[in-house]
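The following exercises concern the structure shown below. Attempt each task before reading its solution.

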Amino acid sequence: MPTLRDGVLQNTIYSKTNENVRRVGAVSFYCNQAYDFEFGSDFSEFTSVFQKKIFNLQTFTSNFPAEKGRQILTLIENCHNDGTSGELKLQYQTADLETKYYNFIVTPTPMNETKCTCTMVDISEMYIHNLDAYFHRYLLDNIKDSLIAVDENGIVSYWNDGAARIFNIDKSEILGKSIDLLGSGFNIEDFRQMVANGIPFKQSDWNYKKDDQDTWVEVTTTAILGQNNTVIGVLGIAKEITELKKTQLEVSFHQNLLETLFDKNRTGILIIDENHNVIYCNSKASKRLNQWCDKNIVKGRKVDFNETGPESLYFTGFSSALQSENSNQETEYFENGQINWFKISFFSLNDIGSHRPKLAACIIENVTDLKQNEIALSDTAIRLDSFFKHAYTGMFIFNLDGELLKANPAFEKILGYNLEKQIDLNYAKISVPQDYSTEYLLLEDLKSGNLSSYEISKQFLNSEGLPTQCITEISLVRNYKDEPDYIIGIIQDVSHERELIQELWNTKNRLKLANEAAEIGIWEYDLNSEVLTWDKCMKNLYGLDDSIDDELSFETWSLYIYPDDLQETILGTTNVINGAPRMEVNFRIFKDDEIRHIQAYAVKFEQDGASKLIGLNWDITDAVKSKERILRLNSELQESEEYMRSLLERGHDAVVVLDTDFIIKDATVSTANVIGYENTECIGRVAWRLMNFPDQGKFLKDWYSMLNAPGSSFDIDIPFVHKDGREIWLETTFTNLLKHETVNGVVMNFRDATTRFKSVEQLQKAKEAAEEISKLKGSFLANMSHEIRTPLNGIMGLATLIGDETNLNSIREYASLQIQSSSRLLETVNSILEMAKLEAKSTSLNQTNHNLCELVKIGVKSFKLLAEEKGLDFRFSCDSEDLIVEIDPGVIHQVVNNVVGNAVKFTLKGFVDVHAFENLEDDQLYFNIRVQDSGIGIDPTFISKLFDAFEQESQGYSRRFEGSGLGLSITKKYIEILGGSIEVNSTKDVGSTFHIRIPVKRIDS
């Protein structure tokens, strides 16, 4: 019979008469090779369990699940075949639903190879106890925090998985060894004393090195007591608090830093809580308030301001701020024999968290210099205003949107306007459209800074709508920030001089046209010599070769005249020779087998005793045919016009016809329904003056493009002044029908779209408000970044001096840590400032000629050294070493620094490959930078946010890599400024590839 396993021996009874063992709760039986069972008398103990007599293996295994039955069969087969012992746990449910547990043990039978011995041991009670022990052991081994047991000699007796993870020591390395391996002292007397004093727990922080890094652990310990309350060991629970410790140190550093910055600030800063306890007060605020209020105001002291006297200002200001109502005050203070002005601002700090007490802050600024400048500026403004009013020439001021803000009496006299009554005047509206379209580009150059001033001769529309010719000088005025502020103009009326010049030009032009007309033939007939001379154009009119002699005869001419018209033509010539003032006659000629119509004109004059006829001939064939066609279609056109007018007058849309100067020539009756004016009231009005164009430049560009293309049209939405004075929006279409025989103008179709545009306007205002908030954010970031960056540079400089001048290693190490922390903060501030400039669109490029390969090579040089220190394979190649372009080197440095720097930072092993090359696509040359690494990769769900500001894949204190999350956002904005693009492909834990494309233009070296 086999020996039973430990745990069952306590139920074994040994017989004194022989060596056989009878086991309580166990039965043995034999199984031959035919798998039949032979049972001893002991099996009767199990009949109450199996409820039947078991005769063979199949019957026996049917009491268990199929898988267990196959395992029983396998154990018995192995025992019969090769004498292998085996063991299996079985579970059986009795008829009264009681669950029983057995050990089924199979062993070879001594002295009988045809049989094996099967033993069943009832382990139900032991199995349940073992389950409880296993469960408790599992909880202890898998608890998140570490669990350590140490005996009275400091030897580790228990070490769970949590302890192995926190201390980076496996249990096989520490069990049975001294706790001193952790680097922390252990004294059993401390715990005996703890028991004696009735202290159940002791808590302390341990500091030790883990992977050469400082690590902090919070350890809670309690004594393990034996008999008589003696300490036999210590049980400890450890929890890693490294990140918490680092955060506490960093918060303490920044708090000290901010207090230092505030104390060095020239502005007084005072913060109190709702109980009037001073939370913070820098030296400037303490000095001023102690002077003015005669109080000892310092940090940690409670102070109450009186409701009267000089302290009433602070009483009301702080009271309002504690209720979240901000306010600004200005006060005068007589100091050192002169008046000083101070601006005192109160604002609430209640938005930092509802769980915090109410706080209010007071800012005290010395604004004496600003006040003095305002007074000096006021005096200057008075003198300038006097000059403006009494100037002989017209002067006016308008803002960057063209709205007239101010004009002097000379301006009002020249154009007849009164700005006090006509407050809606606009520079574009008082300009003749043709002149304004030319001047528009000059105004845009002025606003952009390409011009500081210009002079132009142009026409203004006076108060009666008539053009007035003026010489105009326009200049841009900038504010103290050197930003365009407003525009000032000076005008002089030159209408009379212009009329004289125009008349002279018209006379010269008519003479030029008469002499150089390409299609009018000139002939001359000498009455004395009877010689007829034709010029080149005359020959062309009659189809003669230019090589024919210019001297012809009347007989030659008559050969080309249509026979029926010859007599009338000769009669007209004879009459002018005999003294008629002129000859005007129409006749037909033969030209290239075609009949053409000619208009002839001639006069006689005497010069130096010679008599001559001078005549003109020109082809009027097309005019004659057109006249015939007009006569033929006149009645049809008249009927069509009446029909179309009838349709238009009954429609919902209104139609007017304009000439090229925006004067209304005709209008349908439906105009009254849309703009309030009857069609008869519209005729003769200047439509331009009723329109308020949001973008006058774009409209004029579309207008003149349409005028140069007969039959073309364009659509535009226009604000229009209704007859009752309100502004409405018109959905308008302009069509060029200047060449149309009936219309002969520009057709303007329009309908009322005010309701639709009010909705659009509301959306636009919401958009502008959001953009204004974005600008304010950018301005705040830019200002605060500057205010932080300047003292940071000072801190870093002082730390460098301290490190250089000290001989103590500890001081030198602290100075080095301070420089590292300040550099990291300075880098973050620089990134924030750069992002603010990009969002405010205040970044300007400084482009010069550079070799792009050299720029990239210089940029990656420092990262090559860093990569080699990390053991990475860093590769750089460039296929365009002779590519010289005009570009901002600082932008290329930013792009390379951020993208290549990220590749090196996020690659722990493997390689970083930087490859630069050029390619040509659709006649456009592109410079490409491809950065590939075998780093940690990017999660696909994060790629869409990769280029967003302040976004990082890992967040919080669990981050493995430092950074502000601005580098790639800044890089993308710079690349887009250059007109390029950046793309990324990445696989998590495999690596990433960034591809940058920048359009460039090669410059010959």
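**Exercise 1.** Determine how helix α25 and helix α26 are placed relative to each other, and identify the residues in contact.

*Solution.* This is a predicted model. Begin by locating the two elements: helix α25 covers residues 889-905, and helix α26 covers residues 967-977. Next, consider their axes, which come within 9 Å and cross at roughly 140°. The handedness of the crossing of α25 and α26 is left-handed. Finally, list the residues that make the contact: α25 contributes V891, Q894, V895, N898, V899 and N902, while α26 contributes G967, L968, I970, T971, Y974 and I975.

**Exercise 2.** Trace the pairing of strands β26, β27 and β28, and state the direction in which the paired strands run.

*Solution.* Start with β26 (residues 583-591) and β27 (residues 594-607): these strands are antiparallel and are joined by nine bridges. One pair of opposite residues is E584 and Y601, the latter in β27. Then examine the hairpin of β26 and β27, in which two residues lie between the strands. There, D592 adopts a positive phi near 55°. Continue to β28 (residues 610-619), which pairs with β27 through ten bridges, again in the antiparallel sense. In this pairing, F605 has K612 of β28 as its bridge partner. As a general point, side chains in a regular strand alternate between the two faces of the sheet.

**Exercise 3.** Describe the largest nonpolar core and state which helix gives the largest share of this core.

*Solution.* The largest nonpolar core comprises 57 residues. Those with the most contacts inside this core are F396, I474, L658, I675, F699, W703 and F734. The largest share of this core, six residues, is supplied by helix α21 (residues 696-707). Now take L658 as an example: leaving aside residues up to four places away in sequence, L658 touches I663, I664, K665, A687, W703, F734, G745, V746 and M748. There is also a second, separate core, which has 44 residues, among them F863, A916, I929 and L978.

**Exercise 4.** Summarise the chain as a whole: how many helices and strands are there, and what percentage of the residues is buried?

*Solution.* First, the chain contains 26 helices and 40 strands. Second, buried residues, meaning those under 20% relative accessible area, form 36% of the 1005 residues. Third, of the contacts with a separation of 6 or more, 49% are between residues 24 or more positions apart. Last, the accessible surface of the chain is about 59700 Å², and 50% of this belongs to carbon and sulfur atoms.

Methods: Residues numbered from 1 in each chain as written. Predicted model: local features only at pLDDT ≥ 70, side-chain atom pairs only at ≥ 80, totals over all residues. Heavy atoms only, no water. Helix = DSSP H or I, 4+ residues; strand = E, 2+ residues; numbered from the N terminus. Buried < 20%, exposed > 50% of the residue type's maximum accessible area, 1.4 Å probe, protein only. Contact = heavy atoms within 4.5 Å. Areas by Shrake-Rupley, 256 points an atom, 1.4 Å probe, with all protein chains shown as cover. Pairing = 2+ DSSP bridges. Core = buried A, V, L, I, M, F, W, Y, C linked by side-chain atoms within 4.5 Å. Axes fitted to C-alpha atoms, helices over the stretch in contact; angles between N-to-C directions. Left-handed = near helix turned anticlockwise from the far one by under 90°.
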